[in-house]
2 protein chains.
Amino acid sequence: MRSIYLEDGKVVLLDQTLLPGELRYVECDDVDSLARAIEELKVRGAPLLGVASAFGIALAAMKARGRPRREVMAELERAAARLRSTRPTAVNLFHSAQRVLEAARRDEDPAGRAVEEALRIYEEDLRVNRELARRGAELLEDGDVLLTHCNTGSLATAGYGTALGVITEAHRQGKRLLVYACETRPLLQGARLTASELVEEGVPVTVITDGAAGYVMRARGVSKVIVGADRIARNGDTANKIGTYQLAVLAREHGIPFYVAAPTSTFDLAAASGEEIPIEFRDAGEVAFVGGRRVVPARAEVLNPAFDITPARYIEGFITERGLLKPPLG
Amino acid sequence: MRSIYLEDGKVVLLDQTLLPGELRYVECDDVDSLARAIEELKVRGAPLLGVASAFGIALAAMKARGRPRREVMAELERAAARLRSTRPTAVNLFHSAQRVLEAARRDEDPAGRAVEEALRIYEEDLRVNRELARRGAELLEDGDVLLTHCNTGSLATAGYGTALGVITEAHRQGKRLLVYACETRPLLQGARLTASELVEEGVPVTVITDGAAGYVMRARGVSKVIVGADRIARNGDTANKIGTYQLAVLAREHGIPFYVAAPTSTFDLAAASGEEIPIEFRDAGEVAFVGGRRVVPARAEVLNPAFDITPARYIEGFITERGLLKPPLG
């Protein structure tokens, strides 16, 4: 199941909002439609947002090909600005856009180079995640009971996944694992995506509500918690899907090591701590409506942060393509 | 909005599964239909389950009236057994059934006495909750930012509520409060019921997902957490809606006092600790389907505990009709 690819001058992406019920690919032939797909979470997951952002600039490059160099660069800059405006937290999106722009700027053929750099980012994501999974799998032991949050599988990346990639790699090595997947309200990426990926891989998975995580840690012998990341500050403070922070606190209370699996492209060395990471607040409707039915009365407020910050002190280590790292990361 | 009443030989109850979209009352004219309404959570909330259980036996009594004493008692016993089989955790349901049976057993007119005792339990619940609210409100301060879970309002009781009764009473006294209501998956009693009750009372309320509680405690100045209870063991260990335990751990981590508001009828002095409290596991479908749509793939497991146990050491105190109590409670 490919999450994204570039074909015939279009970005083709799996609409993740329809899973697990429906497998539908969406074609984006300009940067605006891709940006909207990002805003609507049809495509999501920090590493995949990095790839999507690069592909978005590649779309603009393919359209601008043959025009004067200055006009091409102006189109690429415009595309990057639109993509940067979509979602503020996942740093990969910003890093990739920057990298494609800089490569284009240094080349005689900026359009051609932008497309090439975008494809390189895609290939790199695959390679880096495979290496991250291999190294992370060494940490998992036969019999481990794992708890994870949101979706960090191949769907969240160009392929292989991050935290979930570690789990599936350890499973392929023959280690017996049991995974508790938090459903991850409001958009249920844990239930819809993580459970589907683990079922496909043959890894035993049990879905729980986010409120049951403490119970499961206390009563069901969870031995490790492993999650992904959207942005990691220099001191190790980590932005990830809302709910991650409380899992880290609960893991500490139960003496369970808490790991963050993320490629080093998720590090934002410009941010000294989590206080410098912007948190995205999303529409109240994501919480207030369930299956088209209003579940929060109209006159009540809703607060819908998409991410939270887990302070570095709760994190046992960062599983990366370079091995297990500890903060500071600079 | 009355949650339950006895009228024309029927138990009339508000179908809480349809709120806030629809206000529909359901009539139960025998113990079986009432037991099913309990199992389907049309009627829920520990104190209200106590009243419903008493009313269920009253229904059987009204039908058996005029028959020989032994036959009446057999009908009441049968009704009690059916009601006890509905839900294992909320102790009020068992206490009330026992109390009605014992009163009937000691009376010349067991049927008449059963109805009378059931009505007495209803009236007592109102009186006790009003007193609990009055005493609990003294603990709340002007400017408090509160966090609560599930629904503990008038809908969860014959009237006034427990934890939510404390909050609305303090609001009526003029204290300015802000309440964060955890939506409480899987059945969203916090979003659907608590938010509706607070909006009706004019108390500012903000609904959050269960995964956002840690973020809100850390970033939004929560000053007190206050929840209800389904059963409290002698040592103070407390069974309440799934998710309560982790809120208690998070409150401790943030230095926020954690209160349990419950009438003393919720105490189970026969249980030495939380280990003796049975936990109800409910159907996987409550988690796996959202708005009729499957969100968990069919081959994944679901674990759906309805309650968890919060150890007494996390609890600042028990707000009861007799004031603030500390364990041991025996």
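What rotation, and what shift along its axis, superposes chain B on chain A? Keep both chains on screen for this one. The model is a predicted one. A rotation of 180 degrees does the job, with 0.0 Å of shift along the axis and an RMSD of 0.0 Å. The two copies are therefore related as by a two-fold rotation axis.

**Stop 1: the axis.** Select B:G291. Among the residues of chain B, B:G291 comes closest to the rotation axis, its C-alpha lying at 2.1 Å.

**Stop 2: the interface.** Now show the contacts between the chains. Of the interface residues of chain B, 100% are also interface residues in chain A, so the copies meet through the same surface.

**Stop 3: chain A alone.** Hide chain B. Chain A holds 10 helices and 17 strands. Its C-alpha trace spans about 65 × 50 × 40 Å along the principal axes. The radius of gyration of chain A is 19 Å, which agrees with the value near 20 Å for a compact globule with 330 residues.

**Stop 4: a helix pair.** Select residues 46-64 of chain A, helix α2, and residues 91-105 of chain A, helix α4. Their axes lie 7 Å apart, and the helices pack at an angle of about 30 degrees. Angles under 35 degrees count as roughly parallel, so α2(A) is roughly parallel to α4(A). The crossing of α2(A) past α4(A) is right-handed.

**Stop 5: the contact.** Show side chains here. From α2(A), pick A:A46, A:P47, A:L49, A:G50, A:V51, A:S53, A:A54 and A:I57. They meet A:N92, A:L93, A:S96, A:A97 and A:V100 in α4(A). Color by residue class: the contact of α2(A) with α4(A) has nine nonpolar residues, four polar and no charged.

Terms used. Residues numbered from 1 in each chain as written. Chains lettered and ligands numbered in written order. Predicted model: local features only at pLDDT ≥ 70, side-chain atom pairs only at ≥ 80, totals over all residues. Heavy atoms only, no water. Least-squares fit on C-alpha atoms with pLDDT ≥ 70 in both. Contact = heavy atoms within 4.5 Å. Axes fitted to C-alpha atoms, helices over the stretch in contact; angles between N-to-C directions. Helix = DSSP H or I, 4+ residues; strand = E, 2+ residues; numbered from the N terminus. Parallel < 35°, antiparallel > 145°, perpendicular 65-115°, else oblique. Left-handed = near helix turned anticlockwise from the far one by under 90°. Nonpolar A, V, L, I, M, F, W, Y, C, P; charged D, E, K, R; others polar. Rg over C-alpha atoms; globule rule 2.2 N^0.38 Å.
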